[in-house]
Amino acid sequence: MNSTSRLNRDRAARAVLAAQVALVLVVAVTPELAFAQSTMPGQQLLTFAKNFIIAPIALFAIVISGVAAFIRPDLIKTTGYIAIIAVILYFLLANADRLMQAIRAG
């Protein structure tokens, strides 16, 4: 009688282990599938442009125009415009996927 109860406990333990492994796999795979569906074509290009093109060029332009404003004070307005344009471009690229979803939704 002990061997049958031990066999039943082993089967139950294996079933619980299999369920745990299945749950871990589902939890591990689900975010990747959701992320794959949520990405849009060209998103990596936009991320690259945002991080390695727009941000450094904008920062460089703000610093250079700020230094130029010390030499010629009439360039302060230009420095403000450059900063505003840089922030708008960075915002648009950072939120491109949300903006595209909003445009598609109508």
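Does Phe 52 count as buried or exposed, and at what relative accessibility? At 57% relative accessibility, Phe 52 counts as exposed, and the close-up views described below, all taken from a predicted model, place this residue among its neighbours.

**View 1. Overall fold of the protein chain, a succession of four helices without strands.** Followed along the sequence, the predicted chain reads α-α-α-α. Of its 106 residues, 11% count as buried, and the chain exposes about 8,700 Å², of which carbon and sulfur atoms supply 73%. When contacts between residues at least 6 apart in sequence are considered, 58% of them join residues at least 24 apart.

**View 2. The aromatic pair formed by Phe 48 and Phe 52.** The structure holds one aromatic pair, in which the rings of Phe 48 and Phe 52 lie 5.2 Å apart, centre to centre, with 40° between their planes, an arrangement classed as tilted. Phe 48 lies in helix α2, and because Phe 48 and Phe 52 are four residues apart in that helix, about one helical turn separates them. The two members of the pair fall into separate accessibility classes: Phe 48, with a relative accessible area of 44%, is partly exposed, whereas Phe 52, at 57%, is exposed, since the exposed class begins over 50%. Beyond its ring partner, Phe 48 can be related to a residue remote in sequence, for Phe 48 and Leu 93 are 45 residues apart along the chain while their C-alpha atoms are 9.7 Å apart in space.

**View 3. Ser 65 and its surroundings in helix α2.** Ser 65 belongs to helix α2, which spans residues 43-71, and its relative accessible area of 9% places Ser 65 in the buried class, because that class covers values under 20%. The side chain of Ser 65 reaches the backbone oxygen of Ile 62 at a distance of 3.2 Å. When residues up to four places away in sequence are set aside, Ser 65 touches Thr 79 and Ile 82; Thr 79 lies in helix α3, and Ile 82 has its place in helix α3 as well, so that these contacts link helix α2 with helix α3.

**View 4. Thr 79 and Ile 82, seen from the side of helix α3.** Thr 79, with 15% relative accessibility, counts as buried, and, leaving out residues up to four places away in sequence, Thr 79 touches Ile 62, Ser 65, Gly 66 and Ala 69. Ile 82 counts as partly exposed at 27% relative accessibility, and its contacts, with the same sequence neighbours left out, are with Ala 61, Ile 62 and Ser 65. Ile 62 and Ser 65 are thus touched by Thr 79 and also by Ile 82. A further relation is given by Leu 59, which is 23 residues from Ile 82 in sequence and 9.5 Å from Ile 82 in space, C-alpha to C-alpha.

**View 5. A nonpolar patch on the surface, with about 760 Å² of accessible area together.** The patch is formed by Tyr 81, Ile 84, Ile 85, Ile 88, Leu 89, Phe 91, Leu 92 and Leu 99. Its largest share, seven residues, comes from helix α3, which covers residues 76-94. Leu 99, by contrast, is found in helix α4, made up of residues 96-105. At 33% relative accessibility Leu 99 counts as partly exposed, and Leu 99 can enter the patch because membership requires over 30% relative accessible area.

**View 6. The salt bridge between Arg 72 and Asp 74.** A search of the whole structure finds one salt bridge, in which the side chains of Arg 72 and Asp 74 meet at 3.1 Å, N to O. Side chains of opposite charge can pair when their charged atoms come close. The distance between Arg 72 and Asp 74 satisfies the criterion for a salt bridge because the limit is 4 Å. Arg 72 counts as partly exposed, at 47% relative accessibility.

Technical notes
Residues are numbered from 1 along each chain as its sequence is written. This is a predicted model: local features need pLDDT of at least 70, side-chain atom pairs count only at pLDDT 80 or more; totals for chains, interfaces and linings use all residues. Side-chain values use heavy atoms; hydrogens and water are left out. Patches are made of residues with over 30% relative accessible area and no salt bridge: like charges are joined within 9 Å, nonpolar side chains (Val, Leu, Ile, Met, Phe, Trp, Tyr) within 5 Å. Accessible areas come from the Shrake-Rupley method with a 1.4 Å probe; for residues, only the protein chains shown count as cover. Helices (H or I, at least four residues) and strands (E, at least two) are DSSP runs, numbered from the N terminus. Buried means under 20% relative accessible area, exposed over 50%, partly exposed in between (1.4 Å probe, protein chains only). Contact means heavy atoms within 4.5 Å. A polar contact is a pair of N or O atoms within 3.5 Å; within protein, one must be able to donate a hydrogen and the other to accept it, and residues adjacent in sequence count only if both atoms are side-chain atoms. Rings of Phe, Tyr and Trp (its six-membered ring) pair if their centres lie within 6.5 Å; planes under 30 degrees apart count as stacked, over 60 as edge-to-face and the rest as tilted.
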